[in-house]
Amino acid sequence: MPQEIAEAPEMKDPYALLEEKFGSLTEIQKMAFPAIEKGIDCLISAPTGSGKTEAAIIPTLKKIMDTGPSANAEGICAIYVTPLRALNRDLLSRLRWLSEETGISISVRHGDTSTQERREQVRKAPQFLITTPETLQNILLSGLRPKLKNLRTVIVDEMHELYFNKRGAQLAITLERIKEISGEYQRIGISATFADSDEAAAFLFPKGDYREISSGTSKKYSVSVEMPMQPGEKGAKLKAMFAIDQRSIARIERISALIRESKASILFANTRQVVESLGSKLLYFSREDDFGKVGVHHSSIDREERVIVEDSFKRGEIKCIIATSSLELGIDIGAIDLVMQYGSPRQVVRLIQRIGRAGHREGVVSNGIIIVAGVMECIESSAIINLSESSVLEKKEIERSAADVVANQIAAMALEYGVLDERKAYDIVRRASPYLKMEYGWFRSMLSFLADNRIINYSEGKISRTGKGRQYFIRNISILPDNKYFRVRNTSSNKIISLLDEKFVYNNIDSGSTFITKGVPWKVITIEEDTIYVEPSAELEAAIPDWEGEDIPVSKDVVHACVLAFSKPEAISKSINERATLKAAREFIAAQNAAFVPDTSEIVIEESENLVVLTTYLGTLANQHLSKLISSFARSYMSKEIAARVTPYSIVIDISRLHTPPDFSEMLKRIASLRYFESREAITSSEIFRYKFVQIAKTFGVVSKDATITKSAAEKLISFYSGSIIEAEVMRDLSKNYLDSVSISEFMEGIKAGRIKIKYIEGKLSPIAAEIASSAYLYREFLMPNLPTDREIKEFRDRLSGKRIMTICTYCAFESPYEISFNGSSQIKCPNCGSPLLAIYSEEYRTILSKKRAGSRLSSKESAIYWEMVKESGLVASYGDRAVVALSTYGIGPNTAARVLRMLRKEEESFIMDLLDAQKKFIKNKKYWA
């Protein structure tokens with residue numbers, strides 16, 4: 001697709017062209033046009049499909065036309081900044097007709113723009129340039145920089161994606177750097193609805209002089225929640241193919257039915273892994289039950305592939321796109337009549353953005369269905385819908401005082417100017433809204449730090465560039481860190497075992513260290529780039545990768561709205577109109593209220609077998625903070641290591657490896673009374689601190705962006721830069737983006753003053769705690785075989801318990817019956833000779849033993865079977881009744897049984913889960929063994 005649009009000989013009025021194409025102007029357009037024409041800085045906010053983009057672009061094009069072919073209309077007159085390259089391409093396509101009719105040259109520039117196109121843009125600059133925040137920085141270092149002298153307008157689209165993060169802070173400084181070339185210019189911000197428009201406006205308009213233009217009409221949504229539970233007959237093949245449970249099949253079947261019923265739909269999921277897995281299952285299922293073609297779309301897929309999916313969808317060749325947030329933004333993919341959300345959307349803003357893609361026009365109702373796996377997700381989704389109807393959205397703050405962003409921009413300015421006065425650099429940065437309160441002394445200390453690390457030269461008040469600084473900036477054009485994954489490879493089989501997130505590697509992995517993955521311990525042999533080479537280990541007391549936290553944080557407002565549903569259950573009826581789902585939700589609420597009624601002024605601590613669940617209702621970020629406090633306090637004051645998983649509602653703690661679990665009620669009281677929650681140690685000793693320290697060290701340029709950092713290297717890095725500007729930035733970043741210090745302070749003060757009560761319950765977990773404790777596995781079937789349900793475990797146990805099987809003694813060949821009892825007997829003996837070397841009886845075993853005892857020679861095949869029998873008897877001798885159970889399970893031979901038994905599960909339930917997991921793998925893979 002060409003990146004530049006040729007000028008047309010005739011110039012038509014863009015207002016007339018817009019009305020000619022769409023028939024009439026939208027409300028937001030009527031409000032925005034006069035203000036933009038007058039050159040007023042504007043913030044345009046309105047629901048999806050209201051014509052916001054044209055509201056900003058049409059008057060901007062008109063002003064370029066009115067300037068005429070004078071010197072003031074040469075070069076780049078307007079820049080349109082979008083956060084995604086896909087939006088660049090999409091907008092260029094949408095504006096093609098306007099360019100052809102008005103004669104205004106429009107071009108796009110981003111990371112994929114060819115060298116030839118870049119040269120052509122420098123030779124003859126477009127009047128209207130579409131770009132991304134990162135590429136805008138590169139323009140300031142390119143031949144296009146002089147072409148900015150006549151810039152009069154900058155439009156920033158999708159501001160709700162930018163203003164609250166480091167990417168936005170980087171853009172804010174870049175906009176001030178542009179002013180040094182062009183002088184003052186008009187700023188226009190475009191966004192979906194904000195929770196706090198004042199904060200968003202402060203980001204783009206640091207002087208505070210602007211006009212907010214907001215649509216007076218609200219977008220109408222029709223959203224419901226469903227929890228499919230019973231699959232139909234068509235799901236049988238799906239179960240055989242993927243070895244997933246009944247409810248998972250029911251969800252797939254319901255999604256396929258909705259795709260069939262709709263004309264064009266999008267299915268959103270919260271992670272790329274789930275999108276990929278849903279895609280594979282729906283693609284397979286569509287061949288069995290033709291409901292329409294589907295396509296997969298997320299940011300990790302090659303750009304050209306995403307374009308193919310988008311264009312195919314527009315042409316009607318694909319009926320449904322399965323996507324993450326890559327399609328939340330305003331990419332034009334044609335008319336959509338239904339949006340499905342797989343799992344809770346987690347946030348009100350996210351729900352509105354996603355469901356708003358359906359009926360993407362003013363005045364049209366957006367229809368959406370949320371498909372959930374569990375009752376708590378059902379209640380959470382209902383609460384989010386209720387909050388959206390009340391316009392209660394999540395609030396976000398500007399990313400203020402981010403130090404690594406300043407470092408990045410100082411390096412950029414050194415490259416831009418060659419030599420630059422420190423005062424000028426300070427004034428440019430300080431004009432940007434995130435740095436209005438930046439002190440001169442702090443800025444100079446930043447310059448000294450960068451000079452010490454050779455990112456810049458700094459002497460006698462002058463900043464100049466360095467070779468290392470150039471390399472640093474090129475590798476850090478995007479201030480957002482890349483998340484690296486390490487492959488774990490078994491040296492003996494050369495097979496990939498699993499993937500480890502870099503956070504776990506930074507905190508636990510060195511050559512010689514041990515960790516557990518897939519339930520089995522491994523010892524690290526060596527680490528090479530992105531691969532960790534391991535060998536099996538017998539050390540069971542090894543590091544276990546953290547349970548993965550929420551991909552999208554859930555706010556305290558959403559959590560409290562969920563809690564309200566237990567005291568006012570009628571609230572969920574508004575959005576749950578599917579009868580079976582509503583019945584299940586009401587029964588769950590009634591069962592929970594019978595145990596205790598959730599109350600935000602009461603902490604409930606429940607202990608059952610190997611878990612403790614602290615239900616706090618604080619939201620994701622505050623519970624992350626509280627989890628760090630608990631872990632640090634237990635380590636410092638009790639010499640105990642605690643493994644915990646954070647949810648928005650609770651902290652789930654694994655106590656199976658603790659000989660004497662602590663009293664968590666007393667621990668919380670001591671944390672409050674000792675004011676330990678104000679301690680830096682609780683943060684600096686946490687894994688998230690080490691992880692962020694490495695990330696931010698990379699964005700400062702003191703560590704290469706693609707460097708492999710082990711635990712010992714991370715510790716040396718932290719020690720060397722202790723007390724530095726890097727550590728200060730880590731603490732600031734954690735406080736704003738990963739923890740919720742304000743809520744924790746209020747929470748601890750409430751405990752101390754007695755306003756927040758603590759209730760302790762021992763025994764069976766309440767419905768909420770049980771649901772939350774198992775929530776890590778609700779979508780596990782899409783990443784690996786699913787965790788068996790309580791019903792499946794019971795069915796397995798009932799099927800084998802009391803079953804009589806025949807055994808054969810490998811020593812004396814005596815055959816005897818044995819009744820499976822699940823009693824965990826350490827040893828089973830032959831009733832004839834007393835030998836513990838028993839195997840599960842088979843005709844082959846009896847024949848081979850007879851030949852062996854007669855002294856006959858065994859064939860190679862018989863010899864292999866003999867040694868398999870010996871393995872079985874060794875397992876029975878070592879593990880007793882559990883070995884018999886394992887070997888009696890369909891699809892499990894002696895090798896698989898040995899692997900399961902070596903896990904040494906204490907709880908019978910965990911042992912059965914492992915057997916069922918192994919059985920499902922056998923069923924899934926046996927078709928490949930023919």
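## Sheets, helices and rings in a predicted model

Where helix α14 touches helix α21, V375, M376, C378 and I379 on the α14 side meet T581, A584, A585, F588 and I589 on the α21 side. Sorted by class, this contact between α14 and α21 has 8 nonpolar residues, 1 polar residue and no charged residues. The structure described here is a predicted model, and the contact just named is a convenient place to begin reading it. Helix α14 covers residues 375–389 and helix α21 covers residues 579–595, and their axes come within 10 Å while crossing at roughly 105°. Because angles from 65 to 115 degrees count as roughly perpendicular, that crossing makes α14 roughly perpendicular to α21.

**A second crossing of helices**

Another pair of helices, α23 and α28, can be described in the same terms. The axes of α23 (residues 664–673) and α28 (residues 741–753) come within 9 Å and cross at roughly 105°, and α23 and α28 are therefore roughly perpendicular to each other. In this contact L668, K669, I671, A672 and S673 of α23 meet M748, I751 and K752 of α28, which by class gives 5 nonpolar, 1 polar and 2 charged residues.

**The sheet of 7 strands**

Turning to the strands, one open sheet is built from 7 of them, which pair in parallel and follow the order β3-β4-β2-β5-β6-β1-β7. Which strands stand at the edges of this sheet? They are β3 (106–109) and β7 (211–214), and each has a single partner strand, so one side of each is left without a neighbour in the sheet. On average, neighbouring strands here are turned by 15° against each other, with direction ignored. The edge strand β3 is joined by 4 bridges to β4 (residues 128–131), the two running parallel, and R109 has T131 in β4 as its bridge partner.

Two helices lie across strands of this sheet. Helix α7 (residues 166–182) lies across β2 (78–81), β5 (153–156) and β6 (186–191), and runs at about 155° to β6. Helix α8 (residues 197–204) lies across β1 (42–45), β5, β6 and β7, and runs at about 145° to β6.

**The sheet of 6 strands**

A further open sheet has 6 strands, again with parallel pairing, arranged in the order β8-β13-β12-β9-β11-β10. Its edges are held by β8 (221–226) and β10 (294–297), each of which has a single partner strand, so that one side of each is left without a neighbour in the sheet. Neighbouring strands of this sheet are turned by 20° against each other on average, direction ignored. The edge strand β10 pairs with β11 (residues 320–323) in the parallel sense over 4 bridges, and within that pairing V296 stands opposite I322 in β11.

Helix α14, with which this report began, returns at this point, for α14 lies across β8 and β13 (366–371) and runs at about 170° to β8.

**Aromatic rings and charges**

The structure holds 16 aromatic pairs, and one aromatic cluster is formed by F449, F700, F720 and Y721. Rings also take part in arrangements with charged side chains, and the table lists examples in which a charged end sits over a ring.

| Charged residue | Ring | Distance to ring centre |
|---|---|---|
| R145 | Y417 | 5.3 Å |
| K396 | F164 | 4.1 Å |

Definitions and conventions:
Residues are numbered from 1 along each chain as its sequence is written. This is a predicted model: local features need pLDDT of at least 70, side-chain atom pairs count only at pLDDT 80 or more; totals for chains, interfaces and linings use all residues. Side-chain values use heavy atoms; hydrogens and water are left out. Axes are lines fitted to C-alpha atoms, for helices over the stretch in contact, and angles run from 0 to 180 degrees between N-to-C directions. Angles under 35 degrees count as roughly parallel, over 145 as roughly antiparallel, 65 to 115 as roughly perpendicular and the rest as oblique. Contact means heavy atoms within 4.5 Å. Ala, Val, Leu, Ile, Met, Phe, Trp, Tyr, Cys and Pro count as nonpolar, Asp, Glu, Lys and Arg as charged, and the others, Gly among them, as polar. Rings of Phe, Tyr and Trp (its six-membered ring) pair if their centres lie within 6.5 Å; planes under 30 degrees apart count as stacked, over 60 as edge-to-face and the rest as tilted. A charge sits over a ring if NZ of Lys or CZ of Arg is within 6 Å of the ring centre and within 35 degrees of the ring normal. Two strands pair if DSSP finds at least two bridges between them.
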